[in-house]
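Good morning, everyone, and thank you for making the time. Please have the sequence and the model open in front of you, since I will be pointing to individual places as we go.

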Amino acid sequence: MTADGSGAPLRFATFLAPNMLPVYRFLAERIARRLGRPVELVVGVSFNQFERGEVDLGVICGLPYVWLAARQPRPVEPLAAPVLVGDRYAGRPVYYSDVIVRRDSPISCLEELRGCSWAYNEPASHSGHTATLYALVRMGARPGFFARVVEAGFHQQAIRLVHAGAVDAAAIDSQVLAVELRDHPDLAGLRVVGAFGPSTIQPVVAASRLPRELKDQVRDLLVELVEDPGARTALAHGLVDRFAPVDDGAFDDIRAMLATIEAAGWTSLAQTAVYPT
């Protein structure tokens, strides 16, 4: 269990895609340098670790952030979020869920996914799960729209299931997809047929119990990285241009999507009701 007294080690947990580990390792190192105390990068195993005092800082999906923020007392506080490189992001801390198929697939648009097989990473993922459900509800779809649904565990595995032809399609975090396609040219046989979003991107969060001064120091460090030439290579690995400060209200878009799917009574891609003809 970590302590939050001055000089005590801090634990920085990642709950996101493994292909972003170099970026998170860099952030942990820079935070340690700024604070003058050890910071250990760990792979998170439960979002309850923030409440139990087992992790102090971390990167989490916007969906579990919204879940945690609904608790009293609130165990985490958002500090900053990445702004990705590319015109589609318009200089905002947002991302998309890109829908991929094999290049030789006959599917050309989202409406043609009915009756297909689908992979998603996990139920706690906004980009892979909630954003998909929200888009389907908005299309007027119902449980059973997909003929078969597979929980892959990670976005990278969902990508490979589509590439191998094991499933027809999947929705992938646009940042994760871009990094994976860049680093693995063998995956070039995929194409994007549509996108869900944009949505507020995954934040760097701090445990609420940490001192205000420490949280402010970490937020300031993240925002100031844009002016640090030594940060460019590490951030470029994740296609990150800079970090922008974010607060709780930035995630109201995800709350609105959750409210929509809850009102429709369709909150899990694993539901297998028959799609009406």
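At what angle do helix H1 and helix H6 pack, and how far apart are their axes? Before I answer, please keep in mind that this is a predicted model, in which local features need pLDDT of at least 70 and side-chain atom pairs count only at pLDDT 80 or more, whereas totals for chains, interfaces and linings use all residues. Residues are numbered from 1 along each chain as its sequence is written, and side-chain values use heavy atoms, with hydrogens and water left out.

Now to the answer: helix H1, residues 21–35, and helix H6, residues 212–224, pack at an angle of about 125°, and their axes are 10 Å apart. The axes are lines fitted to C-alpha atoms, for helices over the stretch in contact, with angles running from 0 to 180 degrees between N-to-C directions, and the helices (H or I, at least four residues) and strands (E, at least two) are DSSP runs numbered from the N terminus. H1 and H6 are therefore oblique to each other, given that angles under 35 degrees count as roughly parallel, over 145 as roughly antiparallel, 65 to 115 as roughly perpendicular and the rest as oblique. On the H1 side the contact (heavy atoms within 4.5 Å) is made by Leu27, Arg30, Ile31, Arg34 and Leu35, and on the H6 side by Leu214, Gln217, Val218, Asp220, Leu221, Leu222 and Glu224. By class, this contact of H1 with H6 has 7 nonpolar, 1 polar and 4 charged residues, where Ala, Val, Leu, Ile, Met, Phe, Trp, Tyr, Cys and Pro count as nonpolar, Asp, Glu, Lys and Arg as charged, and the others, Gly among them, as polar.

A second helix pair is H2 with helix H8, residues 252–264, which pack at an angle of about 85° with their axes 10 Å apart. That makes H2 roughly perpendicular to H8. Here Gly62, Leu63, Tyr65, Val66, Trp67 and Ala69 in H2 meet Ile254, Arg255 and Leu258 in H8, and by class this contact has 7 nonpolar, 1 polar and 1 charged residues.

Let me turn to the sheets. One open sheet has 6 strands in the order S2-S1-S3-S10-S4-S11, with mixed pairing, and two strands pair if DSSP finds at least two bridges between them. Strand S2 (39–43) and strand S11 (240–245) stand at the edges, each with a single partner strand, so one side of each has no neighbour in the sheet. Within this sheet, strand S3, residues 57–59, pairs with strand S10, residues 204–207, in the antiparallel sense over 3 bridges, and the partner of valine 59 in S10 is valine 204.

The other open sheet to look at has 5 strands in the order S7-S6-S8-S5-S9, again with mixed pairing. Its edges are strand S7 (148–151) and S9, each with a single partner strand, so one side of each is left without a neighbour in the sheet. S5 is joined to S9 by 8 bridges and runs antiparallel to it, with valine 101 standing opposite arginine 191 in S9, while S5 and S8 pair in the antiparallel sense over 4 bridges, and aspartate 98 has isoleucine 172 in S8 as its bridge partner. How many of the 9 residues of S5 are buried? The count is 8, so to speak of S5 as mostly covered is fair, where buried means under 20% relative accessible area, exposed over 50%, and partly exposed in between, with a 1.4 Å probe and protein chains only. Helix H5, residues 174–183, lies across S5, S8 and S9 and runs at about 100° to S8.

Finally, some backbone details. A cis peptide bond joins glutamine 72 and proline 73, with omega about -5°, and proline 73 has its place in the loop between helix H2 (62–69) and strand S4 (76–84). Another cis peptide bond joins glycine 197 and proline 198, with omega about 10°, and proline 198 lies in strand S9, residues 190–200. Alanine 90, in the loop between S4 and strand S5 (94–102), has a positive phi of about 50° although it is not a glycine, and at 53% relative accessibility alanine 90 counts as exposed.
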